[in-house]
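Reader: Could you take me through this model, beginning with its provenance and then its pockets?

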Amino acid sequence: MSGVENVAGFDLGNIVSQNSLIFSSLEFLFRFLPVFLVVFYLTPVKYRKIVLFIGSILMYACGEPRFVFLLLACTALNFLIGKNMKVDIDSPFIHSKWRDKKRRKWLLLALITDVGVLAFFKIGNVVDSNILLPLGISFYTFKMISYQMDVFRGKVEADNSFWSFGSYVCMFPQLTSGPIMRYDDASEGLEHLGCTPEQFEEGLRLLVIGLGAKVLLADRLGILWNDIQTIGFESISTPLAWLGAFTYSLQLYFDFEGYSLMAVGIGMMIGMPYIKNFDQPYMATSVSDFWRRWHMTLGSWFRDYVYIPMGGNRKGVPWLLLNLCVVWLLTGLWHGSGVNFLIWGITVGLFVIVEKLFYGKWLSRHKLVSHIYVWIVIPLTWVIFAVTSLPDLGIYFGRLFPFFGIGETLNPQDIFKYFSMYWWLLLAGIFFCIPGVSAWFNKHRKSWYANALLLVLFWMAVYQLTNAANNPFMYFRF
């Protein structure tokens, strides 16, 4: 696979060609991270927020020098807005009615600015391909919006320290691809940056597991999807089209879960709390259940800041349907402005709605059928997610369901060639999706043999990295 591949139809060379410090790179693992940790822990605790903020900005600048000032400007503006909302709360000279009015104005300013910046780049990237999408803008924008909403609601106190707030927004483990940590989860860690040897060891374990998931599984599985794109969708057989859909589903999972585990692990190594972003999604029993288990911090963000404020399920079925439609339309737009992302969001939303209204309870009573249902439906939705060209998407679905009739397959035996090449990777991917595997490791993770396995895993990943160019994480484009 090429070092900067076309992932899901995006030319990631535009986005991360300069990013030599992605987590799954030798430069990050053996240069940036060790140096940062040494400097971080040699620094007195009260100054570590400054080290974290500056280190995060430097790392971001290595990958995205054109937009580092945008990140700094958005961070500074949101810090000032939060402080002004706090001043209005504390002021004894402002009548409560006027105080609330002023605070709403500050919140509105924050929302207009944050949503406006995100919308400008998302929509502009579609209208004009010369407008590049800043790395991680969807993630750090959502962190700032949740902060402002929580300050306005009185859920958290506005941060008085720019270094503390800046560290929360720009924290390099989460900056480019999440998870989307809430300020109330981060605040305690930011006050006492640092960890015990046991916490550091636990974070290191997660870092190694995530690295292995990314380098040894996701990147290798991605070669098949890349081969299918190279062959051309019109030239593949129906079995290979289904194999490609299943493979892409596993690739995306191990890529993003791998990043999440590495991000959480590094965070724990500097004293931040553990954040769960995945919960065995391919063991789900419905599409709704799948999306409660996949990218959990994004799902909870939409629930708390869009779905519930709009009324959730409290206003009857019509409002419930409207709220779900809005949430899934926004979820599609969050992932990308292409038409395929809108179709993807609408499609997933329709499945969620139909499950709630009709057969969701039936699925919950028939576990085997529900698992098969998820293993068929979810890969089909990922195909919509992956193929950005609508004509190509039509061709691919024509291959998945040949009764549509799009022409004769040039090589109907291609499935045997590619399955013989990738069966062991698919088997490994399925194996590591089984809940019992992770349960066993969690139970024995402190044993000498589990640590020996992690040591072997780490050096296998390093060996793989020395023989292949860096592949950017797929969620970098969001």
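Author: What follows covers the conventions, the overall fold, the pockets, the nonpolar core and a few individual residues.

Reader: Which conventions apply here?

Author: This is a predicted model, in which local features need pLDDT of at least 70, side-chain atom pairs count only at pLDDT 80 or more, and totals for chains, interfaces and linings use all residues. Residues are numbered from 1 along each chain as its sequence is written, and side-chain values use heavy atoms, with hydrogens and water left out.

Reader: How many helices and strands are in the chain?

Author: The chain has 20 helices and two strands; these are DSSP runs numbered from the N terminus (helices: H or I, at least four residues; strands: E, at least two). Of its 478 residues, 55% count as buried, where buried means under 20% relative accessible area with a 1.4 Å probe, protein chains only.

Reader: What about the pockets? How much space lies in the largest?

Author: About 1300 Å³. A pocket here is an open set of points on a 1 Å grid over the protein atoms alone, where a 1.4 Å probe fits and protein lies on both sides within 12 Å along at least five of seven lines; lining residues have an atom within 4 Å of a point. The volume is the space filled by probe spheres set on the points, which are joined across faces, edges and corners.

Reader: And which residues are closest to its centre?

Author: Ile-209, Leu-261, Phe-432, Ser-438 and Phe-441, out of 39 lining residues. Helix 10 (197-231), helix 11 (238-269), helix 18 (414-431), helix 19 (435-444) and helix 20 (448-466) each give two or more residues to that lining, and helix 10 has the largest share, with nine.

Reader: What is the character of the lining, nonpolar, polar or charged?

Author: It divides into 25 nonpolar, seven polar and seven charged residues. Ala, Val, Leu, Ile, Met, Phe, Trp, Tyr, Cys and Pro count as nonpolar, Asp, Glu, Lys and Arg as charged, and the others, Gly among them, as polar.

Reader: And the second largest pocket?

Author: The second largest pocket holds about 560 Å³. Its lining has 18 residues, of which Trp-291, Arg-292, Gly-299, Arg-303 and Trp-328 are closest to the centre. Helix 13 supplies the largest share, seven residues.

Reader: Trp-291 caught my eye. Where else does Trp-291 appear?

Author: In the largest nonpolar core, which has 143 residues; Phe-172, Trp-291 and Trp-382 touch the most other members. Such a core is a set of buried Ala, Val, Leu, Ile, Met, Phe, Trp, Tyr and Cys residues joined through side-chain atoms within 4.5 Å. Helix 11 gives the most to this core, with 19 residues.

Reader: What does Phe-172 touch?

Author: Leaving aside residues up to four places away in sequence, its contacts (heavy atoms within 4.5 Å) include Phe-23, Phe-28, Leu-52, Met-59, Tyr-259 and Ile-266.

Reader: Changing topic: is Lys-122 buried or exposed?

Author: Lys-122 counts as buried because its relative accessibility is 7%. It lies in helix 5 (residues 96-127), and its C-alpha is 8.1 Å from that of Leu-333, 211 residues away in sequence.

Reader: Which residues are joined by a cis peptide bond?

Author: Gly-178 and Pro-179, with omega about 0°. Pro-179 lies in the loop between helix 8 (172-175) and helix 9 (183-191).

Reader: And where is His-295?

Author: His-295 is in the loop between helix 12 and helix 13. Although not a glycine, His-295 has a positive phi of about 45°, and it counts as buried because its relative accessibility is 1%.

Conventions:
Buried < 20%, exposed > 50% of the residue type's maximum accessible area, 1.4 Å probe, protein only.
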